[in-house]
Protein chains: 2
Amino acid sequence: MSRIPLHPTREQIELPMVLDCLSDPIRLAIVYQLAQQERVSSELRCGDFSGLGAKSNLAYHFAKLRECGLTQTRIVGTSRMTRLRREDLEARFPGLLDAVIKSAAKDADRLQLLPECEVVDVG
Amino acid sequence: MSRIPLHPTREQIELPMVLDCLSDPIRLAIVYQLAQQERVSSELRCGDFSGLGAKSNLAYHFAKLRECGLTQTRIVGTSRMTRLRREDLEARFPGLLDAVIKSAAKDADRLQLLPECEVVDVG
DNA sequence: TCCGATGTTCAATGTTTATTGAACTATTGA
DNA sequence: TCAATAGTTCAATAAACATTGAACATCGGA
């Protein structure tokens with residue numbers, strides 16, 4: 001396991017990479033879930049998304065999200081807690097993330113944003 | 001040549017396809033140019049973008065833009081006039097296109113939005 | 001100190017993608 | 001009718017991408 005997950009700095013976040021990252025249905029679902037959850041808790045574990053695919057596939061997608069600057073990941077015990085980099089994204093691309101999340105919400109039934117599994121029950 | 005370019009209906013426009021389409025630097029440059037030009041003329045010819053690549057490659061990218069619902073193309077003589085589907089996009093994904101275009105404008109120097117060629121001189 | 005849980009990394013696979021040049025089609029104007 | 005122009009289609013190629021299972025690493029708790 002790489003001990004320290006690598007993140008781009010705010011200025012290193014690139015528009016095409018962010019758009020490409022968001023264009024994958026699984027990654028869009030992850031971002032959407034993270035956004036939905038924000039009022040309750042800003043972070044989620046990777047394992048909370050096991051309904052979206054195999055472990056190794058999710059690790060791949062989480063790495064992409066992290067490397068393009070959409071998410072921040074920190075290690076807590078054996079888990080990885082991931083949250084959206086809202087402030088950095090808003091600074092670089094004002095209004096973009098909100099527009100994407102609202103668009104995803106509008107199409108929540110077409111996009112498979114909520115697979116069979118229910119995500120979390122936070123105390 | 002396909003005589004009638006095919007376009008998705010407004011409702012057929014899908015978020016992941018739009019984001020994927022916008023994530024390619026060449027297509028982003030095309031969309032950006034179309035947006036910049038809108039005050040002068042809402043349409044541009046494919047040939048106006050010859051600085052962005054070979055003819056056949058541009059035809060490929062223009063087809064992608066059209067098929068995902070970002071642009072509308074009509075035939076005028078031997079030319080194809082292309083414009084952004086602003087109203088349809090705004091109806092489906094409010095604020096999204098504007099956010100992308102403004103973000104691209106902010107990063108205009110990183111992204112190669114303006115290749116060697118100057119685009120158009122409209123009467 | 002070992003077990004179970006959580007994720008990562010690797011290799012392999014099949015798919016999609018972008019790019020190119022050549023051949024082709026359609027239209028305009030001489 | 002012919003040539004020039006605008007753009008499409010095709011085949012080929014190389015690169016990137018998503019997906020899987022197996023093996024591995026790390027940490028917390030019994």
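Here is a short chat about the protein surface around DNA strand C in a predicted model.

Me: Hi! What should I know about the numbering and the cut-offs first?
Reply: Residues are numbered from 1 along each chain as its sequence is written, while chains are lettered from A and ligands numbered from 1 in the order in which they are written. This is a predicted model, where local features need pLDDT of at least 70, side-chain atom pairs count only at pLDDT 80 or more, and totals for chains, interfaces and linings use all residues; side-chain values use heavy atoms, with hydrogens and water left out.

Me: Thanks. What pLDDT does chain A average?
Reply: Chain A averages 90, and 89% of its residues score at least 70; pLDDT is the predictor's confidence in each residue, from 0 to 100.

Me: On to the DNA. How many residues surround strand C?
Reply: There are 23, counting a residue as near if one of its heavy atoms lies within 4 Å of the strand. The closest are G47(A), K55(A), R27(B), Y60(B) and H61(B).

Me: And what does H61(B) do with its side chain there?
Reply: An N or O atom in the H61(B) side chain is 2.7 Å from a phosphate oxygen of DNA strand C, a polar contact (a pair of N or O atoms within 3.5 Å). For N57(B), the distance from a side-chain N or O atom to a phosphate oxygen of the strand is 3.2 Å.

Me: Which side chain has a polar atom by a base oxygen?
Reply: That's S56(B), at 3.2 Å.

Me: Which element gives the largest share of that surface?
Reply: Helix 3 of chain B, with five residues.

Technical notes:
A polar contact is a pair of N or O atoms within 3.5 Å; within protein, one must be able to donate a hydrogen and the other to accept it, and residues adjacent in sequence count only if both atoms are side-chain atoms. Helices (H or I, at least four residues) and strands (E, at least two) are DSSP runs, numbered from the N terminus.
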